[in-house]
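Consider how two chains can meet, and what a sheet shared between them looks like. The sequence and structure are shown here.

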Amino acid sequence: MAVPKILVVDDDAELRKMMAYFLSNNGFMVYTASTGEEIKSHISKGRIDLILLDVMLGEEDGVELCRQIRIEQEVPIIFVSALAADHQRMAGYSVGADDYIAKPFNLDLLLARVKAVLRRTQRSASLAYRRNIYTYQFKGWIFNSKTSEAFNPDNVQVALSQLETRLLKVFLANPFIVLTRDEIISAMDIVNEGHTISDNSGRALDVLVGRLRGKIEANPKSPAILKTERGIGYVFATEVNREEV
Amino acid sequence: MKDRLNSLKSRSILWVIMSMLVGIISAYIWSYSGTQWERHLNRSYIAGIVLFENIKMGEQPPQQIEIESLSGQISKLADAGLFRKLPDVAVSDFITQLSLSPGEGNIRNKNSISITLISPDIQYPIANLKINSNTSLSEKFGDVTRMLSSYCSEPILYMQYGDKPWIRVDGNEIWGCDAAPTDYRIISMLLVFLSLIILISFISNTSLAFQSFAELLSKRGLNKRTGNFQIKGPAELRSMIETINNYLDIEQESLARRATFLSGVSHDLGTPATRLKFRAQTIEDRELKERLNSDIDQMTSMIESVLQYTQSEMKLEELRQISLQSLIEAIVSDFQDANHPVKFIEQESLSVSAKTILFNSKPKLLKSKFLSAKNVIIFARPLSMQRAIINLIDNALKYGRKANVSLQADSQKASIIIYDYGNSESVENLTHLTVPFKRGENAKNIKGMGIGLAIVSTIAEQHGGNLSFDKWEQGLCAILSIPR
C-alpha cells in the first residue's frame, strides 16, 4: 500500500508542526491545514486517507466542517479535541466522525487510533457500518447505528457494551449470512486493541454472543435471532430493514 | 383586563358578591314564600270563622264556599253517623269526625257542632290541633279550617250545628290544595346549596392550581424540558410561574455560559498540554518523561471533570425509558473488556424477602415478581446515568481493589449498589465528597479532582433520586437510588 496521506487540521501552528513531524516520522505523508478553506483545497487537490480534525478551529466549528466534508467525501475523520465530554463525543459521531481523541493524548494512542481507522477503511466489508448512518429494524427492535442506541419492541432503550455494539453491527450488515468466528472477529476490528476477545480462538466471542443474546433474544436459551451454525459460526437469522437516517 | 379579572383578589371579590347576591335572593324568596303561606292559613282561618257565623245565623256563606243542605235519605244516614254510605263518599276515602262545643269540655249541647271530614288523601290529625278552650266556637272552627288549608288535599265537610240539619260544605277554593301558594322555600334552599357547591369547587380549583404547580416544581428534576412551566391559573400564579420560568431561563443561561467558558478554558489548555506531550516525547530521561506525562494527564483530567460537572448540571439530555439492568451490564462489560476487576452480581433473590410481606402463603406469586424485577425499567437520561455509574465504579477501583455491582429494585425505586474492597474512607467523609471539589484524605496519591461523586450526586438529584454510602464487611458501598 502506498504511504497513507494524513491531513492534520488545527488552529495552533506549533502543534500542527509537531503532529506533522511526529506522524511523518512514523511513516505517514502529512499535510496541514488551519481553516475550512484549506481543508477543501487539499481535498480537491488529491487523495487524502485520513483527516485529524480539531473541533474548535478559531472561528470555525469542526463539527460543522465535518458535516460539510461528509456530504461529498467518504474520507475517514478523527476528531481531536479538548472537548471530551460525552455529549461532544456523541455530536462528533453523529456527523460521521470515525473516532474521537481527547486532547491531550498520548502519542502512542494517537498512532494506534490512526492505524486502526486506516485499517478499518481498507476493508470494504466494514464500510457498511463505518459510516454509521443507518437505522436498522429487526423483530420489532430498532438500532440506531449513528448513536449506537438500541430500543426493544416496547420502545425501552437497552444499553449495549462497546463490543456488543460492534458485534451487532457486524451481524446487521450481514443478515442471513453464516459468519465464521474469525470473520466476525476480523470484521469487529478489535485486533490490536488489547481485547481478550481476539486472543483465544473464538471462546471469548462465544461469551460475547451469549451476552448479546441475553439482551436481544426473548429466550436466550433457544435463540430466534442470533443462531448458532454448528461447526461454522453464527448467523443473524431474521429480516433486517435498513433505513438511511 | 382579562388578567385583572383573573386575579385572586378579583376572584374572591366576585365570589363574595355572588354569594351575597344568592343569599339575598334566597332570603327574599324564603320570606316571600313564608308570608304567602301565612296569608293562605289566615285566609282559611277567617273564612272558617265567617262560615261558622253564617251557618249559625242561617245566612248565605262566603262566595267561594258552597253549602248544600242534606235532605231525606242522606240526612238520615248522616244522623246515624253512616257517612261511609253517603253517595259521594268513596270506599277509599278517609273519614275524620270531631265535634266542637263552646267553653270547656266537649259535652254535646245544642250549641255544639259536629264535623265530619271526608278526604281522599289523609286522615286529619285532629288530636294535634291545639284548640284554645277560652276561644269562641267560631274561632275553634277557624282553627280547623286553618288546619285543613295546611295540608294538600280536597276535603268535603259534613256539618251539623246544634239541631239544624246536616249540611255539606265544599270550601276547597279557599283551603283546598290548589288554593295553597307554591312553596318556594325548598327552591331557595337548593339555590343556597348550589351556590355553595359552586363556590367550593371554584375555591378548590384555585387552590388546586397552586398545589399542582408546587408539585410540578418539586418534580422539576424529572421534567422533560429544562425550564418553562405552562403558564395557567389565576393571575398571581401566572406571574409567579412567569417569574420562576424567567429565573430558570437565567439559571440555564448562566450554566450554559459557564459551560462555554469552561469549554474554552479546557480547549485553550488542551492545545498547550498537547504541545507539552510532544515536547516531552523528545526527553531522553525515561523517568522524567513519564512523570511529565502523568502531570499533564492529571492537569487535563481536572479540567475535563470540571467540564463534565458543569454539563451534568445542565441536563442536556432527554428522558427516556431505559432498561437499567442492560445499562449496568453494558458498563460492567466495557470495564471487563478493558481488563478491570468489575463484576455484575445478579440478584437471584431480591432484597424484598418473603417475611416482610404479609401474605406469604403464595411463594410462587412472589417469585414471578422477582423475575419481572429483572427488567427494571426507569425513566432516565441514558448518558447521564451511564456517567454516574461509571464514576462510581471508577471510584471503587481507585480507592478499593475491585468493584462489584448489583441492582435491587422494588415497586418504588431501583438501587444500584457498587461494592468496593478495601476502601478505608469513612461514610461521613464520602458523603462530604458529594460537594464539588472536595477530596478525601487518602486521595493525595491518586489522580482525580474529587468531582466525580459530585457529578453522580447531581445526576441522582436530577432523576429525583439520591446517592448514599454504607459500610459492608470488606469495604464501602455506594448506593445510587432512582425512583421508578
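The following paragraphs treat the contact between the chains and then the sheet that runs across it.

This is a predicted model. The contact between the chains draws 30 residues from chain A and 35 residues from chain B. On the side of chain A that touches chain B, the elements giving two or more residues are helix 1 (13-25), helix 4 (86-94), strand 11 (157-158), helix 7 (162-173) and helix 9 (203-216) of chain A. Helix 1 of chain A supplies the largest share of that side, four residues. Sorted by class, the side of chain A that touches chain B holds 16 nonpolar, seven polar and seven charged residues.

Strand 11 of chain A also takes part in pairing across the chains. Strand 11 of chain A pairs with strand 6 (residues 320-323) of chain B in the parallel sense, over two bridges. Within this pairing, A:Val158 has B:Ser323 as its bridge partner in strand 6 of chain B.

The two strands belong to an open sheet of seven strands with mixed pairing, in the order 15(A)-8(A)-9(A)-10(A)-11(A)-6(B)-8(B). The edges are taken by strand 15 (241-244) of chain A and strand 8 (377-380) of chain B; each has a single partner strand, so one side of each is left without a neighbour in the sheet.

At the chain A edge, strand 15 of chain A pairs with strand 8 (residues 134-138) of chain A in the antiparallel sense over four bridges. Here A:Thr135 is opposite A:Glu243 of strand 15 of chain A. Such pairing, parallel or antiparallel, runs through backbone hydrogen bonds between strands of a sheet.

Technical notes
Residues are numbered from 1 along each chain as its sequence is written. Chains are lettered from A and ligands numbered from 1 in the order in which they are written. This is a predicted model: local features need pLDDT of at least 70, side-chain atom pairs count only at pLDDT 80 or more; totals for chains, interfaces and linings use all residues. Two residues are in contact if their C-beta atoms, placed from the backbone, lie within 7 Å. Ala, Val, Leu, Ile, Met, Phe, Trp, Tyr, Cys and Pro count as nonpolar, Asp, Glu, Lys and Arg as charged, and the others, Gly among them, as polar. Two strands pair if DSSP finds at least two bridges between them.
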